[in-house]
Amino acid sequence: MNEPRPPITILGTGALAMRFGAMLARAGHAVTLAGTWAEGLAAMGGRGIEVVEGHDGWRVDVATLSLALPANGANVSTGDVPPSPYLLVLVKSHQTPRLAPVAARLAAPDGLIVTLQNGLGNAECLAASAGPDRVAVGVTTLGAAVAGPGRVRVGGDGTVTIGRSAATAARVDALVDILVAAGIDAAATDDIAPTVWRKLAVNCAINPLTAYLGVPNGRLLDDPRTIALLHAAAAEVAAVAAALGIPLDADVAALAEAVAARTADNRSSMLQDTDRGAPTEIDAINGAVVRAGKVVGVETPVNAALWQAIVSLTADDAASPRPRDVGSLIEGAARCP
Ligand code: KPL
């Protein structure tokens, strides 16, 4: 008789949370999506996750858990959801500090919490609550967009890479097998840092530029000035990584341009955030690079200007008419240290 498939909990109700949740549920796992988006949770609780792939679609049942912060300020309840052997974290980075203690309770004491989030700092934050031996860092390049509450449109194909440590290796390998069996192109590595920083370089280049200018990824390649900013932002990330002793083994400026071309019609996750007036991940992406640059003595004026531009855009969206001008970003970069 086949072994029962282990249950999996996903922290998050957005596009990637739904894409991973649906694929794992279709492969026979009991999947619970836990999050704070009331409409999304209600839709998934009622009719499962609807997946749109090109002109086709499919649907799969999942369980849901609402993590709404109680009005009386009490701790977030994890209800009667049993602690899970695997917890995938796919909430936006700014939610990690609040939800890290919840993640620690949703994962079994000998379970594995894997952050597949953008940016830096999420694993450290999760480990502060759950302990470092329960946390692994993953990077995914799978694409997805929210098509409505409980409804996800599949974007481009991509991969999942998860970092192993001596303490987590067996559980990481078992999770990789689970992901592969669910149709996800997954692998483990003993050195995740280069993969994290390559993706960070791409996100530092594409995400704030698309969000600031209000355009899909491919439109960045229409103007030599945005191409120059894209290259410069990615190259600064490579310089900081080199100073930290992290070998990227890639020309990340060319990589960022290639990803913008390959995902030309995508609206980046940061543009989707600014479109719906939600907080962005700018602090964990460009902000984290500027802070790391300061520590190792590498100047990052383009990342600093992009960081500032998105911070003031989201603080003052109504007063900030579109289209915003690429010229002001270039001036900003010249002013930033
Ligand atoms: O990861 C992305 C994102 O939108 O966050 C990219 C690679 C930029 C694709 O849109």
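The legends below describe close-up views of a predicted model.

**View A. Residues around the ligand.**
The ligand in this predicted model is surrounded by Asn118, Lys199, Asn203, Ile206, Asn207, Asn217, Val259, Asn266, Ser268 and Ser269. By class, this shell holds 7 polar residues, 2 nonpolar residues and 1 charged residue. Helix 6, which covers residues 193-213, supplies the most residues to the shell, namely 4.

**View B. Polar side chains and the oxygen atoms of the ligand.**
Three residues of the shell are shown here with their distances to the ligand. In serine 269, a polar side-chain atom lies 2.5 Å from an oxygen atom of the ligand. The side chain of asparagine 207 has an N or O atom 3.1 Å from a ligand oxygen atom. For asparagine 266, the distance between a side-chain N or O atom and an oxygen atom of the ligand is 3.4 Å. The ligand taken alone exposes 280 Å², and the protein buries 83% of that area.

**View C. Helix 3 against helix 4.**
Helix 3 spans residues 96-106 and helix 4 spans residues 122-130. Two packed helices are described by the angle between their axes and the distance between the axes. For helix 3 and helix 4, the angle is about 45 degrees and the axes are 8 Å apart. The two helices are therefore oblique to each other. Helix 3 passes helix 4 in a right-handed crossing.

**View D. Helix 7 against helix 10.**
This view shows helix 7, made of residues 224-243, packed with helix 10, made of residues 283-296. Their axes lie 9 Å apart, at an angle of about 45 degrees. This angle makes helix 7 oblique to helix 10. The crossing of helix 7 past helix 10 is left-handed.

**View E. Helix 7 against helix 8.**
Helix 7 also appears in this view, here with helix 8, which runs over residues 252-262. The axes of helix 7 and helix 8 come within 8 Å and cross at roughly 130 degrees. Helix 7 is therefore oblique to helix 8. In this pair, helix 7 passes helix 8 in a right-handed crossing.

Conventions: Residues numbered from 1 in each chain as written. Predicted model: local features only at pLDDT ≥ 70, side-chain atom pairs only at ≥ 80, totals over all residues. Heavy atoms only, no water. Near = heavy atom within 4 Å. Polar contact = N/O pair within 3.5 Å; in protein donor to acceptor, adjacent residues only side chain to side chain. Areas by Shrake-Rupley, 256 points an atom, 1.4 Å probe, with all protein chains shown as cover. Nonpolar A, V, L, I, M, F, W, Y, C, P; charged D, E, K, R; others polar. Axes fitted to C-alpha atoms, helices over the stretch in contact; angles between N-to-C directions. Parallel < 35°, antiparallel > 145°, perpendicular 65-115°, else oblique. Left-handed = near helix turned anticlockwise from the far one by under 90°.
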